[in-house]
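This briefing covers the chains, the enclosed spaces and some strands and single residues of one structure. The sequence and the model come first, and the notes follow.

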Amino acid sequence: MSARPAPVARSGMRTARRLAAELLTGDFAPHEGPLSHRGLLRRAWPFALVGLATLIMFAFPTTQVSDHATLYVAAGLTAALIAAVAFVPWHRLPEWTQAAVPFGFLGVIALLRESTGGAAGFAVLVFLPVLWLALYGAAWQLATSIVLVALVFLAPTFIIGAPTYPASGLGRIALWPIAAAVVGGSTHRLVAAERARAAFVSGLLSAATEQSIIATDPNGLITVFNRGAERMFGYPADEMIGKVTPLVLHDPDEVAARAAELGVAPSVEVITAQARRGRAETREWTCVRRDGSRLRVSLSIAPYYDAMGELHGFVKIGTDVTERAAAEQLKDEFVALISHELRTPLSSIIGYLEVLCDDTTGPLTSRQRQFLDVVDRNARRQLRLVSDLLFVSQVDAGRVRLHLDYVDVAELAKAAIEAAQPRAKAASVTLQLEADDTTTLRGDPDRLGQIIDNLLTNAIKFTPAGGLIDVRITGNTDTVAIEVSDTGVGIPAAEQQQLFTRFFRASTATSRAIPGIGLGLTIVKAIVDAHRGTVSVTSAEGNGTTFRIYLPRSVQ
Amino acid sequence: MATVLVAEDDADIRELVVYKLHQAGHHVVSVADGLAAVAAARENGPDLAIVDVSMPGLSGMQVCTALREHAATARIPVILLSARAHTGDSENGLRAGAVDYVTKPFSPRELVQRVESLLEKR
């Protein structure tokens, strides 16, 4: 499907061949309206047939010809008009000049009528040029055509004094141009709407220079290959359309692997399998350009159907994500490296501290032990930070994997409170737990423990001395709820929406210089999401904060 | 007394593990890279190996695979040590034939307990 106008034929033979092909196929491309040269050729063929039929008709002796000279002029004019349609470079002329063709054919009809002494049979033929004129949808062509039609009817009377029609006969004949005008007008509107739609689609295809848009028929044969696809893969559209399937653009190894995954043969079906089931699919593929270089493409594929609801083909829209994929890989490698490089020295620090504290190298004074506790606490704080950063990078990469098991959330809360007790005591904050009996669900124990740890850590940090932190674990048929409320400083309403955004720190934290980097709640949200749960917060500045988490009993 | 092979490129951590194992009464062979680990395993036939994942020469996973491929070393239980904590790393380690996977930083006390428990099972 190309929006480019067909080039004007340079040789008569080529034009004749094309004309013949178009006459045979009768293939009206929807976006080719009255203006296009191809459309003009197609609309001229009924006149060519009329001209031919007329000449044949007059070869039979039964046809009454009163004026042979006029008949020859009519035949000559028909041939001249056909030649004009074929050879005049209409696309370089203003649109209105095309009206000369139907006008000319109206003249032919007038001449035919005149040469047969005003035979009414030819009047019917005005249908064709009037229909043509009406396709332009402009009032002037229609008005002019009505005047010309009147002249066609009256020509024999004016020229040779043939008898005029009776009033009823004129009325019947007048129905033809009126019907033609109505049909032509309606067709014009339909064609105009179709042209607008096609122009929009064509504009869309051309405008998407950064996206490849490839359409295929139901068998996978390419039917559309836009400029963006040409640029992305380096193949010209005419080498692809109707000749190959999009499989030529894909990495064969990846296709084979995906085929094995789907249990299908490594054909174009690998790419269209999901879409064929009516499901739109977006996934990243490794593609191969014409020059053999590779690129990573995020490909969205969807089926499309015809008016009868039958599968008509597939549309694939691709975005080159090579740079993004490379950046992600670089980031992953960087995070892994940082994680490794930070964890290794921490392993030595924490490991040797344990050896020292186990008293195996000699007794420590209580003051020394106190110092080592400080070192240990800070080393573990740094370790938590490294783990949090690593976890967030896994969330980014969509690589959070849960190790599912049956887990009693109340037990997790008990353990978390126990672990947080020393910090709560140091901050003079009371921790309290209320739990139902039925709080078991299927989830990742470590990750769920991390949720409660993070919420407790925040609550302790933001609750002034003498405050209370209440942890409530309740269960109903489908869900288990975790509620952590504190009597702390609260969160300003305007900031509550951003609480789960990474690195966001509430003004109540920054103004009080409470340490943290703003990842705790991001991690809580990521874990809750991975468990298909919900998390919400209610808080008022100065009146404490409550976090509520609902987790389904089973992650599906 | 068992013989334990320790393969770890970080000298501090290697020394820490060796120290704890000595303390627990084991004979320790220690090396600093993957190739040496495979050679030492073939030479000494240890009862257990503690192998770091990220090492020069051969990675811990490759060491595991190499040990599994050789009849003399195929049955040595391997504990992998790793500072990487990407989800899926532990699965890969266990798939390579390790019997346990310990993420750094680890408690040396707990590591020795795991060693004892694996040795008891043998």
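In chain A, 61% of the contacts between residues at least 6 apart in sequence join residues at least 24 apart. The model is predicted. Chain A holds 17 helices and 12 strands, and chain B has 5 helices and 5 strands.

**Chain A overall**

- Of the 556 residues in chain A, 42% are buried.
- The accessible surface of chain A is about 28,400 Å², and carbon and sulfur atoms account for 61% of that area.

**Chain B overall**

- Along the sequence, the elements of chain B follow the order β-α-β-α-β-α-β-α-β-α.
- Chain B has 122 residues, and 55% of them count as buried.
- For contacts in chain B with a separation of 6 or more, 60% come from residues 24 or more positions apart.
- Chain B exposes an accessible surface of about 5,300 Å², with 48% of it belonging to carbon and sulfur atoms.

**Cavities**

- Rolling a probe the size of a water molecule over the atoms shows where empty space is left.
- The count is 3 cavities of 30 Å³ or more.
- The largest cavity encloses about 70 Å³ of space.
- Its lining consists of A:F47, A:V50, A:G51, A:T78, A:F105, A:V108, A:I109, A:L112, A:L125, A:L128 and A:P129.
- Three elements of chain A, α2 (37-59), α4 (100-115) and α5 (127-135), each give two or more residues to the lining of the largest cavity.
- The biggest contribution to that lining is from α4(A), with 4 residues.
- By residue class, the lining of the largest cavity has 9 nonpolar residues, 2 polar and no charged.
- The second largest cavity holds about 50 Å³ of space.
- The residues that line the second largest cavity are A:I214, A:F233, A:P246, A:L249, A:H250, A:C287, A:L299 and A:K316.
- The lining of the second largest cavity divides into 6 nonpolar residues, 1 polar and 1 charged.

**Hairpin β1-β2 of chain A**

- Strands β1 (residues 211-216) and β2 (residues 222-225) of chain A run antiparallel and are joined by 3 bridges.
- A:I214, one of the residues that line the second largest cavity, has A:F225 in β2(A) as its bridge partner.
- The two strands form a hairpin with 5 residues between them, and A:G220 in the turn has a positive phi of about 100°.

**Hairpin β11-β12 of chain A**

- In a regular strand the side chains alternate between the two faces of the sheet.
- Strand β11 (residues 534-539) of chain A has alternating side chains: A:V535, A:V537 and A:S539 point to one face and are buried, whereas A:T534, A:S536 and A:T538 point to the other face and are not buried.
- Strand β12 (residues 545-552) of chain A pairs with β11(A) in the antiparallel sense over 6 bridges.
- Within this pairing, A:F547 in β12(A) stands opposite A:V537, one of the buried residues of β11(A).
- The hairpin of β11(A) and β12(A) has 5 residues between the strands, and A:G542 takes a positive phi near 85° there.

**Residue A:A435**

- Strand β7 (residues 430-435) of chain A includes A:A435.
- Is A:A435 buried or partly exposed? A:A435 has a relative accessible area of 38%, so the residue is partly exposed.
- Apart from neighbours within four places in sequence, A:A435 is in contact with A:A410 and A:I473.
- The C-alpha atoms of A:A435 and A:G475 are 8.7 Å apart in space, while the two residues are 40 residues apart in sequence.

**Residue B:D100**

- B:D100 is in strand β5 (residues 100-103) of chain B.
- B:D100 counts as buried because its relative accessibility is 19%, and the cut-off for buried is under 20%.
- Beyond neighbours within four places in sequence, B:D100 is in contact with B:V78, B:I79, B:L80, B:L94 and B:R114.

Key
Residues numbered from 1 in each chain as written. Chains lettered and ligands numbered in written order. Predicted model: local features only at pLDDT ≥ 70, side-chain atom pairs only at ≥ 80, totals over all residues. Heavy atoms only, no water. 1 Å grid on protein atoms, 1.4 Å probe; cavity = no way out; pocket = protein on both sides within 12 Å on 5 of 7 lines; lining within 4 Å. Points joined across faces, edges and corners; volume = space filled by probe spheres on them. Nonpolar A, V, L, I, M, F, W, Y, C, P; charged D, E, K, R; others polar. Buried < 20%, exposed > 50% of the residue type's maximum accessible area, 1.4 Å probe, protein only. Contact = heavy atoms within 4.5 Å. Areas by Shrake-Rupley, 256 points an atom, 1.4 Å probe, with all protein chains shown as cover. Pairing = 2+ DSSP bridges.
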